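Student: I am new to this structure and would like a close look at a single part of it. Could you take me through the aromatic rings and what surrounds them?

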Amino acid sequence: MRYRRVVRYLTHLRNYLTLRKTINYVKYWNDLRNRKVVTSSFPPQIAFQPSAYCNSNCQLCPVGLRIKGPEKGSLEFDRFKEIIDLTKEYLTRIDFGDWGEPFLNPDIFEMIKYAEEKKIMTAASTNLHLFKNEDDLKRILDSGLSFLTISLHGVSQESYEAYQPGKNFEQAVKKIQSLVSLKRKLKKGEPIIDLVFTITKKNQHEIEKMRQFAKDLKADSITYTASLNLRFYLDDVDKLTKITKEWALEESDSRPRDTSAFGKDRATKLYEAILKGKHLSFDELDALKLTGRHFCLDPWRSLVVNWDGTVSLCCVDYDKYVMGDTRTESIIEIWNNEKYRAVRHYLLGQTKTNLDFPCKRCVVY
């Protein structure tokens, strides 16, 4: 299935490549492979946060749990357009998402259309709650979106509602069926639809059903070990233990083969450490190689443009440490500025810095 997705992606990508993008991509892989502190390329794939608001209450998400974070808002189209005009010669793909429901932004369809017109693939993730009827769903197809990820996290009302309390699984299924039917009716090949399931103790018994469910709906399934976002509770041993006992995967042959960088073996190692019941400092977790410093490549391969135009390191950073501000700086220059160089040095273990960037506290799971 993973091989099929790669082939599918590459087949789609060929319609978006130019000579300049290809040259940038070659430079990018060289920068990534050699861990260049100052890169000669710009990342071919970046993410935008169209909206910092969400209309769901996912039980492992800080937005859904209403954990206090930065100020919320929606990305303005003019800001998006300005950034695209600066980066269109490098970008092959844009992901719309990051701590919010992207389709809550009223300009999202215009953003998708503009990027696709500039020969940049677009991908968006959604919980589908906003879409009420066939006309709403048709707007997705009309926008030209390349890839759509639909977050389900269960294939029964029980497992679906465990992650999103009060939400109706049958309604979500009907919307997916309507979307697939519309694609067929309008003879559209895009968006390519993926159904995503983050695997926890509460749904791991359904993994095979998830795959069949997606296949029956003419979509692909993506399963990966759920992030429990434990970094929010490192100072609260009782909370860490409670969340881990309630949600962490149990040992089983049915556990997913991760598509994530962290992987189920590292997750298991972290859960075992937590369930010993003692306080775990970041330094202790770092010594166990359970922090982002030991495997994260994001400062070489992507960045996130937040709703207000600021730039953050990655999608994990909920507090939105500001690496630069596109309202006053060029995003191209931000990519290799002093802060980015400091982060790359830190992840390579080459130097210490007083900058308080989130990598110093990052525990992905």
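Student: Which residue lies over the face of Phe 147, and at what distance from the ring centre?

Tutor: In this predicted model, the residue that lies over the face of Phe 147 is Arg 93, at 5.2 Å from the ring centre. Another ring with a charge over it is that of Trp 335, where the charged end of Arg 344 sits 4.6 Å from the centre. Strand 2 covers residues 93–96, and its residue Phe 96 leads on to the rings themselves, for Phe 48, Phe 77, Phe 80, Phe 96 and Tyr 114 form one aromatic cluster. A pair of aromatic rings is described by the distance of the centres and the angle of the planes. Within the cluster, Phe 77 and Phe 80 make a tilted pair, with 6.4 Å from centre to centre and 40° between the planes; these two residues stand three apart in helix 3 (residues 77–87), so about one helical turn separates them. The rings of Phe 80 and Phe 96 have centres 5.7 Å apart and planes at 40°, and this pair is therefore tilted. Because Phe 80 belongs to helix 3 while Phe 96 belongs to strand 2, their pair ties together parts that are 16 residues apart in sequence. As for exposure, Phe 77 is buried, Phe 80 is buried with a relative accessible area of 0%, and Phe 96 counts as buried at 2% relative accessibility. To place the strands in their setting, nine of them form an open sheet of mixed pairing, in the order 6-5-4-3-2-1-7-8-9, and strand 4 (residues 147–151) runs parallel to strand 5 (residues 192–199), the two being joined by five bridges.

Definitions and conventions: Residues are numbered from 1 along each chain as its sequence is written. This is a predicted model: local features need pLDDT of at least 70, side-chain atom pairs count only at pLDDT 80 or more; totals for chains, interfaces and linings use all residues. Side-chain values use heavy atoms; hydrogens and water are left out. Two strands pair if DSSP finds at least two bridges between them. Helices (H or I, at least four residues) and strands (E, at least two) are DSSP runs, numbered from the N terminus. Rings of Phe, Tyr and Trp (its six-membered ring) pair if their centres lie within 6.5 Å; planes under 30 degrees apart count as stacked, over 60 as edge-to-face and the rest as tilted. Buried means under 20% relative accessible area, exposed over 50%, partly exposed in between (1.4 Å probe, protein chains only). A charge sits over a ring if NZ of Lys or CZ of Arg is within 6 Å of the ring centre and within 35 degrees of the ring normal.
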